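These are my notebook entries from a session spent looking things up in one structure. I set them down in the order in which I took up each topic.

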Amino acid sequence: MIETGTPQPQPVPRTLALELARVTERAAIAAARLRGKGDEKAADQAAVDAMRAELGGLPIRGTVVIGEGERDQAPMLFIGERLGSGEGPEVDIAVDPLEGTTLCAKDMPGAIAVMALAQRGALLAAPDVYMQKIAIGPGYPAGLVDLDASPAENIRALARARNCPPDQITALILDRPRHASLIAEVREAGASVRLITDGDVAGIIFTASPEETGVDIYLGTGAAPEGVLAAAALRCIGGQMQARLVLDTPERRRRAQDMGIRDFNRKYELNDLAGGDVIVAATGVTDGSLLRGVRFRQDRIQTETVVYRSEAGTIRRILGEHRREVGRG
């Protein structure tokens, strides 16, 4: 993260917002060609290849801080990889070329291509480990919910802030065996639980507009890269988030230490995860609550993309039409 007293990085040019949309569109189209084919690895690789190719031409000096994994585990879009034309601002890059590989392989709702661009040093460089997360939308007092409070305490605090009973609160949680006790505690507190199979970047974004999504709070443990991407989006659209890396083995602690993390138990606030000037773009691969999936027409391809920018607080939806050959090669 940016340290006090160090020269401040230059802002991310707003013209890059449209460029990011092109990047996620290209990745989404490539992945969508393998939608429903049952091959998660092939769909993910297609999205990685397309995203990397498009990023290579951007007028930036970019460093991947959230990617497909450490260098020895990911041949492309690995953490530390340098991308861009070599001209322009120095920026952090966080990517998830295909969030919801299983969703894409099974043609289920909610798969997206997503990435974030931020001022150099503004995004948490985190290893690909689990991360505990809690998130709510904007408009609440700071510190209303806390990662170290019990699920019941957080549900009651949110209900008091909304001036409603706990049974009108809905929590979004990944449907995983590790969350069995969490789900039980949330329900015992009186709240409803909406389970998702994948896609916690979109899940955390849902908390920013509960009147539309019906989601008031996100709880649970998911992947750290998705946590940083979700935090980048909340920085743009508003909300609160806390997170903690799960570094429960010597190997995971070593990997975190190699990336500059010294406090293995640190509780990260939203600005610790994603600070400074941030742009986030996401394109639908399959139909979902956040975005419509790629449509292949006779001579055109249609995409839907959302672009968030923190400095201006803008949310732009882009309906794109592309020639059929886009994404081939």
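Entry 1, a residue in a helix. I worked from a predicted model throughout. I began with Ala21, which I found in helix H1, and asked myself whether Ala21 is buried or exposed. Its relative accessible area comes to 1%, and because the cut-off for buried is under 20%, I entered Ala21 as buried. Leaving aside residues up to four places away in sequence, I listed its contacts as Ala281, Thr283, Thr305, Val307 and Ile318. I also looked up Ala21 against Ala224, and noted that the two are 203 residues apart in sequence and 23 Å apart in space, C-alpha to C-alpha.

Entry 2, the helix itself. I then turned to H1 as a whole, residues 16–32, and checked its length: at 1.5 Å a residue its 17 residues should span 24 Å, and I found the end C-alpha atoms 24 Å apart, which agrees. H1 is also mostly covered, since I could enter 14 of its 17 residues as buried.

Entry 3, the open sheet. I looked up the strand order next and wrote down an open sheet of 6 strands, S7-S6-S8-S5-S9-S10, in which the pairing is mixed. At the edges I noted strand S7 (192–196) and strand S10 (268–269), each of which pairs on one side only. Within this sheet I followed strand S5 (residues 130–136) and strand S8 (residues 217–223), which pair in the antiparallel sense over 7 bridges, and I picked out Gln132, whose bridge partner in S8 is Thr221. Helix H8 (residues 224–237) packs on the sheet, where I found it touching S5, S8 and strand S9 (240–245), with its direction making about 25 degrees with that of S5.

Entry 4, strand S3 and its partners. I moved on to strand S3 and recorded that 9 of its 10 residues are buried, so that the strand is mostly covered. Strand S1 (residues 61–66) pairs with S3 in the parallel sense over 5 bridges, and there I noted Glu90 of S3 as the bridge partner of Arg61. S3 and strand S4 (residues 112–119) run antiparallel and are joined by 7 bridges, and I noted Ala118 of S4 as the bridge partner of Asp92.

Entry 5, the largest pocket. Which element gives the most to the lining of the largest pocket? I found that S3 does, with 4 residues, while helix H2 (40–55), S3 (90–99), helix H3 (101–105), S8 and H8 each supply at least two. The lining has 25 residues, and those I noted as nearest the centre are Asp96, Gly100, Asp198, Ala223 and Glu226. For the space in this pocket I wrote down about 550 Å³.

Entry 6, two positive phi values. Most residues other than glycine have a negative phi, and I therefore looked for exceptions. Leu77, in the loop between S1 and strand S2 (82–83), has a positive phi near 55 degrees, and Leu77 is buried, with a relative accessible area of 0%. Asn163, in the loop between helix H4 (151–162) and strand S6 (170–174), likewise is not a glycine and has a positive phi of about 55 degrees. With a relative accessible area of 73%, and the cut-off for exposed being over 50%, I entered Asn163 as exposed.

Technical notes: Residues numbered from 1 in each chain as written. Predicted model: local features only at pLDDT ≥ 70, side-chain atom pairs only at ≥ 80, totals over all residues. Heavy atoms only, no water. Pairing = 2+ DSSP bridges. Contact = heavy atoms within 4.5 Å. Axes fitted to C-alpha atoms, helices over the stretch in contact; angles between N-to-C directions. Expected span 1.5 Å × (residues − 1). Buried < 20%, exposed > 50% of the residue type's maximum accessible area, 1.4 Å probe, protein only. 1 Å grid on protein atoms, 1.4 Å probe; cavity = no way out; pocket = protein on both sides within 12 Å on 5 of 7 lines; lining within 4 Å. Points joined across faces, edges and corners; volume = space filled by probe spheres on them.
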